[in-house]
Every structure is written in C-alpha cells, then in structure tokens.
Amino acid sequence: MAAQPTTTRTNPSSNSGPYTADTYARHPDHTPQTSHPETDTYILTLHTDPAHHKTITALRTRHFPPHLNKLSAHIALFRALPGSELPAIETAIRDLVQRTRPFPIETGDAFLLAHGVGLEVHVPPAKQIFRTLEGQWGGFLSKQDRGFRAHYTLQNKVDDGEVVRRTLEEVRAGFEGSTGTVEGLALHSYQRGYWKLRQVFPFTGGEEEVRPGQDTTTRRMEEDEWPALPGS
C-alpha cells in the first residue's frame, strides 16, 4: 500500500507554517506554569445566547482566512488551563456560576490586531469573573492568561496589511453591532488548534454577582444593581 501523504497546516500559534500533528507545539507563553508538561489543557470562555453567537460567528467566518479558521466566535477568559488541575478548576467554576446571574453583552468598535481585526466588547462583569478566578488559579496560569481584554477576533494570521485595512473599514462601515446575553461559562478541551466543548456551566445565581477579588468559596456575594439589557 502506498504511503499516505502528510497533511500540513499553518501553525495557529505562529504566523507561518507548515506543521504536522507530530511537530505541532504551542508557544511557550501559551502553556500553563506547572511543574511538569501537561498532556491536556482547557479553555474557559463566555457562553452567550445563540442569536448573538450566530451573528458574530458569521462575521468571523466572512473575514478569517478559511484554511486557518478552526473556531466559531468566542471570548476566552483563559486559554491554557492545566488538565492536572481539572477537578479544582471545575469546582471553582461550579461555585462561581451558582452565584452569578446572566448579564448583557454589547459589541463596540472594530480595531487593528497585529495581523488582523478585533471587535471590542462591552461586558464589565466578565472582568470581575476573570479577576476572581485568576486569584485562585494564579499559581499555574500561562503568561498569556495573566491578562484579559474582552474582544472577538474577526480576522488573524493575515500578513497583507492592505487586506487587514480593508477589513477594518468594511466592519466599521457595514456592521451595525450586536447585543445579547452571557448565559454562563463554557469549558473546552484543546486539541492541537481545535477546541472540543466539554461542558457548559449556566449562570443560576439570581440577583447575586461576582465582585472583583472575591473568594468564590464563600456562600454568598454582595448584591448590586445590574445594567438593563441593551435595547430593552
């Protein structure tokens, strides 16, 4: 039997390729800081309502290079959570979502990335969630995961500056924005550039919210006035 050709792809952790399944490697800044190499890593994202997700995914699909686009639209809180800490990670997430209620999300202006275009997102509670979990997971977070800026990536891995500029202009001129609801958190396993959904954790916390730096092992959080849903 003739040998099967090796399939190559552009490495999503760099701007050029090719790579194979045997040679694929994540950037050192994108690996968790544990005492041993991690076989499995996980991504934690905001989980939004289907209509908003569909709208932004369509925009990403339009502008992201098709041969590199492995994902739907997403806002990642953490991109490299270690599998060795998975039980503690899931416990912290469950405790947090039980005391957090759904909150609004609204897109803002498009902006330039190094090799593409991003879309600003107005969603202040997400920063609070990030800070709360960062306080518990700081000992093993990757360098990339030690900061958070809520945004969607609409285009990336594009070296042609003119293409990027035209994309920015098109999005700014033609996209009217999108509002929606963040309904929970979603945990995905990382598989060489692809993500596989592991579990969705819906927010079920009624009037309670996550406060910056609050320990999620406490039974109850302070109540505060949440903004109304945009357009409601």
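Trainee: How many salt bridges does the structure hold?

Mentor: The model is a predicted one, and a salt bridge here requires a side-chain nitrogen of Lys or Arg within 4 Å of a carboxyl oxygen of Asp or Glu. By that criterion, the number of salt bridges that the structure holds is nine.

Trainee: Which residue forms a salt bridge with Arg198, and how many residues apart are the two?

Mentor: The partner of Arg198 is Glu90, with the closest N and O atoms 2.6 Å apart. This pair links distant parts of the chain, since Arg198 belongs to strand β7 (residues 194-202) and Glu90 to helix α2 (residues 86-97). The residue paired with Arg198 is therefore Glu90, and the separation along the chain is 108 residues.

Trainee: Is Glu90 buried or exposed?

Mentor: The cut-off for a buried residue is under 20% relative accessible area. Arg198, at 44%, is partly exposed, whereas Glu90 has a relative accessibility of 8%. Because 8% falls under that cut-off, Glu90 counts as buried.

Trainee: Which residues are joined with Arg165 into one network by salt bridges that share partners?

Mentor: In helix α4 (residues 161-174), Glu162 and Arg165 are three residues apart, about one helical turn, and their side chains meet in a salt bridge of 2.3 Å, N to O. Arg165 also meets Glu169 in a salt bridge of 2.4 Å, N to O, and these two residues of helix α4 lie four residues apart, about one turn of the helix. Through salt bridges that share partners, the residues joined with Arg165 into one network are Glu162, Arg166 and Glu169.

Notes
Residues are numbered from 1 along each chain as its sequence is written. This is a predicted model: local features need pLDDT of at least 70, side-chain atom pairs count only at pLDDT 80 or more; totals for chains, interfaces and linings use all residues. Side-chain values use heavy atoms; hydrogens and water are left out. Buried means under 20% relative accessible area, exposed over 50%, partly exposed in between (1.4 Å probe, protein chains only).
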